[in-house]
Protein chains: 2
Amino acid sequence: MSGGEFAFIRSIRDVTPPHPAVIVGPGDDCAVLAGPGRLLVTTDVLTEGVDFILHDCGLRAVGRKAMAVNLSDIAAMGGRPLAAVVGVVFPAGEGGARHELHLGLREVADAFRTPLVGGDTNSWDHGLVVSVTVLGEPIREPVLRSGAKPGDWIFVTGPCGGSILGRHLNPMPRLREVEALVTNFNLRSMIDVSDGLAADLNHILEESACGAVLHADAIPIHPDAIELATRSGRTPLDHALSDGEDFELIFTIDPQMGAKLLAAPPVPVWKIGECVTEAGLWMTVNGQQRPLAATGWEHRM
Amino acid sequence: MSGGEFAFIRSIRDVTPPHPAVIVGPGDDCAVLAGPGRLLVTTDVLTEGVDFILHDCGLRAVGRKAMAVNLSDIAAMGGRPLAAVVGVVFPAGEGGARHELHLGLREVADAFRTPLVGGDTNSWDHGLVVSVTVLGEPIREPVLRSGAKPGDWIFVTGPCGGSILGRHLNPMPRLREVEALVTNFNLRSMIDVSDGLAADLNHILEESACGAVLHADAIPIHPDAIELATRSGRTPLDHALSDGEDFELIFTIDPQMGAKLLAAPPVPVWKIGECVTEAGLWMTVNGQQRPLAATGWEHRM
């Protein structure tokens, strides 16, 4: 539900008049609803030829990814999932194999105790479309993109870059990590890495009206980024900053709390920088500070 | 979420292990979740060339229909809507006209005070796919398909048949009617007419393990059914019983309560028959009782 360049719904404010049931504004990973309790809701559509090549990855991987990216959005709000529904349009002829999609969806949903409570399916002569909606509840308060403050320390939950080598098809929603983090620490802002570490951090900065300085030698670089750099002509650090679909979490936290977190982290975390008052995204490399482009990952396969 | 012949998720029991959060079983219009409160959730996918001919009806009508059919499922559970999310895959080239889909969705959502709280869109070289998910809450208890008892009176909220002449593109979810009915009367079972009056009543009978006798001269016949009969070679009654996408509600109620309802109906209702102990669907025509086929409407445009 993070939009996309073709989004006609770019933000919650675009599509609905102010409504008492909607208590979170635009640009967040989920809407937060004041219903019978507080509720998170997120939806993502995966489209053949845009988000996956069915022939290469198969139905099961599509099912896994469709469920995982939605669960990741719940994680990014500091939530836990309650239930999922799915809408599917199958290509005609996939007949017997359709169960594979279901297996993939269930594999990930079951791993995070999320009941798949219903769905609707159709069939046509074109490509596969899978639309998943996940409901969740905040573990404590919903963690928004807009809560970062100058001085906050910036963390990421895992090494980034090079997901295109395979991890992008099998993302691991950081739900268990978020449960441990949110239960023990006040996170001020959070987002999951779908567009890229720099691009997604920039979403936080824009929503929070502050800037950030990252430290080049503190960015955790995934082995896939190193592998990819041997062929791409770019550096591993560049891949870690600008590749997408890592689905790690970026979060900010006040320095005192951040020091406590670093002293006894309940899950792996990397401190990668600090928020600053002046707008913009910066990086220190060998003691020198320079501007960092927030150019995100271009969706490609 | 009423399945469909290509459904790989035919029922909630098919897709999830028994789960404490899911308190309503298969075949209902929505899943009922025990979350922070009790929650209804339903999803329906509309697919170009299957559910609509985009060239004939335009984006706005597709938006209206996609929202309305989901709201109708909330009505059929005795619920009121809380919020909607939408996933869309646009055909490339629809560029400037995309806003029309949004307008159609909003037109119906706004009419029933349902905030459209988010969505995800994509674009490709194939047809239009619109997947809507609506959350709701029960007005009192959720009204299921499985609650009918022998002796119950059977009602419908409006005349049926011939929706193909145009009404099928502009269904009117019976949310206001259901609010009035559920607030004042204990409805025992309910469903909306999507497959056809006989076919959908039959869903209630199967889930409730009873039968029903309808009275031919009590079935409210829509003027469109009469119009269509002049060309189809079938009778207006046949159209009323077997055409689909009327989105009226069929409900059952115990006879005492039914008599009170008939004495002072808060909204228009037609009594069309009674539930009986023996299985099957029957109709009395000129005093004679004969079996009635539950053959539903074949989806066609």
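Select A:Ile154 to begin: its bridge partner in β9 of chain A is A:Thr252. The model is a predicted one, in which local features need pLDDT of at least 70, side-chain atom pairs count only at pLDDT 80 or more, and totals for chains, interfaces and linings use all residues. Residues are numbered from 1 along each chain as its sequence is written, while chains are lettered from A and ligands numbered from 1 in the order in which they are written.

**The sheet of chain A**

Extend the selection to strand β6 (residues 153-156) and strand β9 (residues 249-253) of chain A, which run antiparallel and are joined by four bridges. Strands (E, at least two residues) and helices (H or I, at least four) are DSSP runs, numbered from the N terminus; two strands pair if DSSP finds at least two bridges between them.

Next, display the whole sheet. Seven strands of chain A form an open sheet of mixed pairing, in the order β7-β9-β6-β10-β8-β11-β12. At the edges lie β7 (189-192) and β12 (288-291) of chain A, each of which pairs on one side only. From one strand to the next, the twist averages 25°.

**The two domains of chain A**

Colour residues 12-138 of chain A as domain 1 and residues 145-291 as domain 2; such bounds come from an automatic or database domain assignment. The centres of the two domains of chain A, taken over C-alpha atoms, are 24 Å apart. Domain 1 of chain A brings 19 residues to the contact and domain 2 of chain A brings 18, where contact requires C-beta atoms, placed from the backbone, to lie within 7 Å. On the domain 1 side, α2 (54-76) and β3 (79-91) of chain A each supply at least two residues. The largest share of that side, twelve residues, comes from α2 of chain A.

Now select A:Asp44, in strand β2 (residues 38-47) of chain A. Is A:Asp44 buried or exposed? A:Asp44 is buried, because 28 other C-beta atoms lie within 10 Å; the cut-offs are 20 or more for buried, 12 or fewer for exposed, and partly exposed in between, with C-beta atoms placed from the backbone. From A:Asp44, measure to A:Ala84: the pair is 40 residues apart in sequence and 12 Å apart in space, C-alpha to C-alpha.

**Strand β8 of chain B**

Move to strand β8 (residues 211-215) of chain B. There, B:Ala212 and B:Leu214 point to one face and are buried, whereas B:Gly211, B:Val213 and B:His215 point to the other and are not. Strand β10 (residues 270-276) of chain B pairs with β8 of chain B in the antiparallel sense over four bridges, and B:Leu214 has B:Gly273 as its bridge partner. Strand β11 (residues 280-285) of chain B runs parallel to β8 of chain B, with five bridges between them; here B:Ala212 stands opposite B:Leu281.

**Two loops of chain B**

Finally, select B:Arg113, in the loop between α3 and β4 (116-124) of chain B. B:Arg113 is not a glycine, yet has a positive phi of about 50°. B:Arg113 is exposed, with 12 other C-beta atoms within 10 Å.

Then select B:Asn286, in the loop between β11 and β12 (288-291) of chain B. The phi of B:Asn286, a residue other than glycine, is also positive, near 50°. B:Asn286 is exposed, with 6 other C-beta atoms within 10 Å.

Terms used
Axes fitted to C-alpha atoms, helices over the stretch in contact; angles between N-to-C directions. Contact = placed C-beta atoms within 7 Å.
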